[in-house]
Amino acid sequence: MTLDPIHVDAIARLAGSVADSVDDSDHDDVAETVWESWLDPLTDARGRTVVEPLGEQQRARVAIDDIALAERPFPTVHGIDSGTINPTSFKNGLVLDLAHAAMAVDPSDLSIHRARTIVATVHTNDRTRSLDSDWVSIDEGHSQRRVIRAPQVNRYAEAVVHALSLYLAEGHHARKHANTVEDLLLLDGPLYPKEILTWRDRNPELDALTYEARPKNVLKNYVRLVERFVEEGTPIAGFVKNPSARVITGALADKEVGFDAPWPDDTGFFTRLLEQQVDDTGSAVEAEPGANRRTDELTVTSWFISRGGPDGAMAADGDALGVERTLEPECYEVTFFVIYDPRTDLCYKVEAPYAVSRDPETRQQLQTQILSEVAAERGPPTAVDKADELAKISASEKAALRRKFETILHSEQQSTHDKRRWGDEY
């Protein structure tokens with residue numbers, strides 16, 4: 001403990017002064033107003049529809065014990081994820097990240113779990129070096145690896161190598177092993193490579209980079225993946241564990257609606273909207289935050305279509321970064337619903353292409369399946385959790401891989417004080 005009691009008391013007083021200036025007693029009313037009055041449809045400052053209901057707009061609540069035991073529509077569920085060592089800079093000027101993708105299935109199938117896709121993305125200012133390679137088979141043909149060169153950027157090299165490695169590995173692996181999926185494929189994360197699709201709004205240099213061959217080819221994998229599953233009639237969806245979209249709150253901030261959205265992102269809005277409180281006991285003792293939360297039911301929204309923020313690129317009127325789309329443009333639009341789990345005080349977002357979710361029966365099946373799994377697992381569906389474990393690169397493995405790169409590249413990692421202090425956790 002580095003703080004003396006007097007410091008702790010001072011911090012508590014500081015927090016008290018902040019609390020006195022923040023009143024969230026009307027946030028429930030604000031959330032209800034947004035839900036009832038602004039989402040059917042929600043338009044941005046230019047009058048473009050960014051969110052609208054798909055089917056009837058409603059909220060539902062289900063008893064956790066009941067839905068956990070409900071019959072699930074999909075007998076097998078495949079999950080896919082990709083993990084990285086995190087961007088690493090070397091003294092010779094190289095910036096590198098390595099991603100490792102894996103697919104899991106519930107019930108388990110070890111032959112599917114064995115297959116991996118490994119991608120290393122390298123950024124260098126030395127334009128004379130040829131770094132790209134074709135796909136190389138390893139592990140008796142069960143896995144593949146590849147090295148690619150990142151497009152030239154003056155800044156953001158670390159963000160670029162990370163996103164390209166992560167999404168190329170995941171998208172390629174998903175396409176490579178799509179033939180093993182029988183009933184449902186869940187991506188661990190969004191339906192499309194959102195990190196790349198946000199480049200256009202972050203910086204002019206990244207905006208220009210978005211339309212280069214590498215980012216377009218990464219998105220192309222996801223577009224072709226959606227097309228394959230739609231043509232085969234097999235549902236595909238993304239399970240977003242940490243949703244951070246600002247489509248709704250951003251549009252509200254741009255409009256003259258009489259109040260500012262009090263939440264930093266859409267998750268804050270949905271949490272307020274879906275959280276349930278037990279009846280007030282009238283106790284004079286102030287309850288701890290969350291003490292009155294009802295925890296025996298999951299709450300869920302109906303489906304919505306999203307055309308704002310990074311989802312705008314895949315809207316019917318979006319350009320998909322120039323990637324050719326063989327289905328009708330609206331088939332690729334992002335649709336979603338939100339689940340709130342009061343036991344963990346977490347919101348999850350489930351995304352699916354409109355070509356999948358436009359069928360009311362499929363929408364209901366996806367909601368039933370995922371609600372049941374979240375209720376039973378107290379978290380992500382089993383296939384998603386398994387894929388996360390398979391694709392994860394541990395701290396010790398990251399350190400070992402970086403040391404191997406130092407040897408192969410004949411160059412040390414570029415050290416920083418934070419890396420020295422925090423080691424492999426940084």
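## Salt bridges and unusual backbone spots

D317 and R48 form a salt bridge, with their closest N and O atoms 2.8 Å apart. A salt bridge here is a side-chain nitrogen of Lys or Arg within 4 Å of a carboxyl oxygen of Asp or Glu. The pair links distant parts of the chain, 269 residues apart. D317 sits in the loop between β11 (297-306) and β12 (334-341). R48 sits in the loop between β1 (42-43) and β2 (49-63). Helices (H or I, at least four residues) and strands (E, at least two) are DSSP runs, numbered from the N terminus.

The model is predicted: local features need pLDDT of at least 70, side-chain atom pairs count only at pLDDT 80 or more, and totals for chains, interfaces and linings use all residues. Residues are numbered from 1 along each chain as its sequence is written, and side-chain values use heavy atoms, with hydrogens and water left out.

**Salt bridges**

How many salt bridges are there by this rule? The count comes to 23. Three of them are listed here.

| Pair | Closest N and O atoms |
|---|---|
| D317 and R48 | 2.8 Å |
| R294 and E297 | 3.5 Å |
| E333 and R307 | 2.8 Å |

E333 and R307 both lie in the loop between β11 and β12, so their bridge ties together parts that are 26 residues apart in sequence.

Are these side chains buried or exposed? Buried means under 20% relative accessible area, exposed over 50%, and partly exposed in between (1.4 Å probe, protein chains only). D317 counts as exposed because its relative accessibility is 55%. E333 is buried, with a relative accessible area of 4%. Its partner R307 also counts as buried, at 14%.

The pair R294 and E297 is mixed: R294 is partly exposed at 28%, whereas E297 is buried at 11%. These two residues also belong to a network of salt bridges that links R61, R294, D296 and E297.

**Cis peptide bonds and positive phi**

Most residues other than glycine have a negative phi, and most peptide bonds are trans. Several spots in this chain depart from that pattern.

A cis peptide bond joins D40 and P41, with omega about -5 degrees. P41 is found in the loop between α2 (27-37) and β1. Another cis peptide bond joins D106 and P107, where omega is about 5 degrees. P107 is placed in the loop between β5 (95-106) and α4 (110-114).

Which residue has a positive phi of about 80 degrees although it is not a glycine? That residue is N86. N86 lies in the loop between β3 (77-84) and β4 (88-89). N86 counts as partly exposed because its relative accessibility is 28%.

D345 also has a positive phi, near 55 degrees, and is a residue other than glycine. D345 lies in the loop between β12 and β13 (346-353). D345 is partly exposed, with a relative accessible area of 34%.

**Around H162**

N86 appears again among the contacts of H162. Where is H162 placed? H162 is in helix α5 (residues 157-176). H162 is buried, with a relative accessible area of 18%. What does H162 touch, not counting residues up to four places away in sequence? H162 touches T84, N86, P87, D97 and E195. Contact means heavy atoms within 4.5 Å.
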